[in-house]
Amino acid sequence: MPERVKMQLTNFTDYALRTLLYLGAQPERLVPIAEVSAAYGISRHHLMKVASLLARAGFVAAVRGRGGGLQLAGPPEAITVGAVVRACEPNLDLVECFDGAHNTCPIASVCKLARVLEGARGQFMAALDACTLAELAAPGPQTQKLLQIWRRKVAAG
């Protein structure tokens with residue numbers, strides 16, 4: 001059996017994607033942050049930071065105050081996973097030499113590995129760019145199961 005390779009995005013990006021999935025599955029309503037927090041068991045305080053970035057990046061519209069919440073700012077077809085990852089990740093530098101300002105690698109000028117890794121990163125981002133929120137939250141049996149899971153978590157929280 002092949003070894004499992006670990007590549008990881010930050011929790012912040014994961015929470016942003018989960019929040020958008022939650023909103024995308026329920027586009028007809030304004031969703032309170034506390035509800036998203038309960039549905040995923042994520043700190044409300046942390047989700048407020050995520051929501052703030054998503055609003056600044058134009059992915060969600062945020063309504064403050066009593067009766068407020070979050071809603072997608074546009075059609076889910078216009079939101080790609082790649083765009084969200086780029087907005088949330090501090091950088092996508094796989095290795096030191098990808099950051100020209102801080103690169104101290106002595107072989108960077110002749111290293112072929114950087115080209116290979118750059119190509120892999122490009123393919124990774126191309127795959128994320130090819131996937132929209134509309135695909136992930138499309139009406140159907142899978143989304144209905146998601147809604148059921150979330151409702152149980154919110155009711156229990």
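A cavity is a set of grid points where a 1.4 Å probe fits but cannot get out. In this predicted model, the largest cavity draws at least two lining residues each from α1, α4 and α6 (133-136). The chain has 157 residues, and 34% of them are buried. Its secondary structure comes to 7 helices and 2 strands.

**Overall layout**

- Along the sequence, the elements follow the pattern α-α-α-β-β-α-α-α-α.
- A box of roughly 60 × 40 × 30 Å, taken along the principal axes, holds the C-alpha atoms of the chain.
- Take the contacts between residues at least 6 apart in sequence: 65% of these join residues at least 24 apart.

**Nonpolar cores**

- In soluble globular proteins, nonpolar side chains tend to be buried together.
- Here the largest nonpolar core has 30 residues.
- Leu-20 and Trp-150 have the most contacts inside this core.
- Several elements give two or more residues to the core: α1 (11-24), α2 (33-40), α3 (44-56), β2 (69-72), α4 (81-88) and α7 (141-156).
- Helix α1 provides the largest share of the core, with 7 residues.
- A second core is separate and has 5 residues, among them Val-81, Met-125, Leu-128 and Cys-131.

**Contacts of Trp-150**

- Which residues does Trp-150 touch, leaving aside those up to four places away in sequence?
- They are Leu-21, Tyr-22, Ala-25, Gln-26, Ala-39 and Tyr-40.

**The cavity**

- The structure holds 1 cavity of 30 Å³ or more.
- The volume of the largest cavity is about 40 Å³.
- Its lining consists of Leu-17, Leu-20, Ile-79, Thr-80, Val-81, Val-84, Leu-133 and Leu-136.
- By type, the lining divides into 7 nonpolar residues, 1 polar and no charged.
- Leu-20 thus appears in two places: it is among the residues with the most contacts inside the largest core, and it lines the largest cavity.
- Val-81 also appears twice, in the second core and in the cavity lining.

**The pocket**

- The largest pocket has a volume of about 340 Å³.
- Its lining is made of 14 residues.
- Nearest the centre of the pocket lie Ile-33, Met-48, Ala-62, Val-63 and Arg-64.
- Elements that each supply at least two lining residues are α2, α3, β1 (60-63) and β2.
- Helix α3 gives the most to this lining, with 5 residues.
- The pocket lining splits into 9 nonpolar, 3 polar and 2 charged residues.

**Cysteines**

- How many disulfides does a search of the whole structure find?
- The search finds 0.
- Cys-105 has a relative accessible area of 29%, so this residue is partly exposed.
- Cys-111 is partly exposed too, because its relative accessible area is 25%.
- Cys-131, by contrast, belongs to the second nonpolar core.

**Gln-148**

- Gln-148 lies in helix α7.
- Is Gln-148 buried or partly exposed?
- Its relative accessibility is 42%, so Gln-148 counts as partly exposed; the partly exposed class runs between the buried limit, under 20%, and the exposed limit, over 50%.
- Gln-148 and Pro-27 are 121 residues apart in sequence.
- In space, the two are 16 Å apart, C-alpha to C-alpha.

Key
Residues are numbered from 1 along each chain as its sequence is written. This is a predicted model: local features need pLDDT of at least 70, side-chain atom pairs count only at pLDDT 80 or more; totals for chains, interfaces and linings use all residues. Side-chain values use heavy atoms; hydrogens and water are left out. A disulfide is a pair of cysteine sulfur atoms within 2.5 Å. Buried means under 20% relative accessible area, exposed over 50%, partly exposed in between (1.4 Å probe, protein chains only). A nonpolar core is a set of buried Ala, Val, Leu, Ile, Met, Phe, Trp, Tyr and Cys residues joined through side-chain atoms within 4.5 Å. Helices (H or I, at least four residues) and strands (E, at least two) are DSSP runs, numbered from the N terminus. Contact means heavy atoms within 4.5 Å. On a 1 Å grid over the protein atoms alone, a cavity is a set of points where a 1.4 Å probe fits but cannot get out, and a pocket is an open set with protein on both sides within 12 Å along at least five of seven lines; lining residues have an atom within 4 Å of a point. Grid points are joined across faces, edges and corners, and a volume is the space filled by probe spheres set on the points. Ala, Val, Leu, Ile, Met, Phe, Trp, Tyr, Cys and Pro count as nonpolar, Asp, Glu, Lys and Arg as charged, and the others, Gly among them, as polar.
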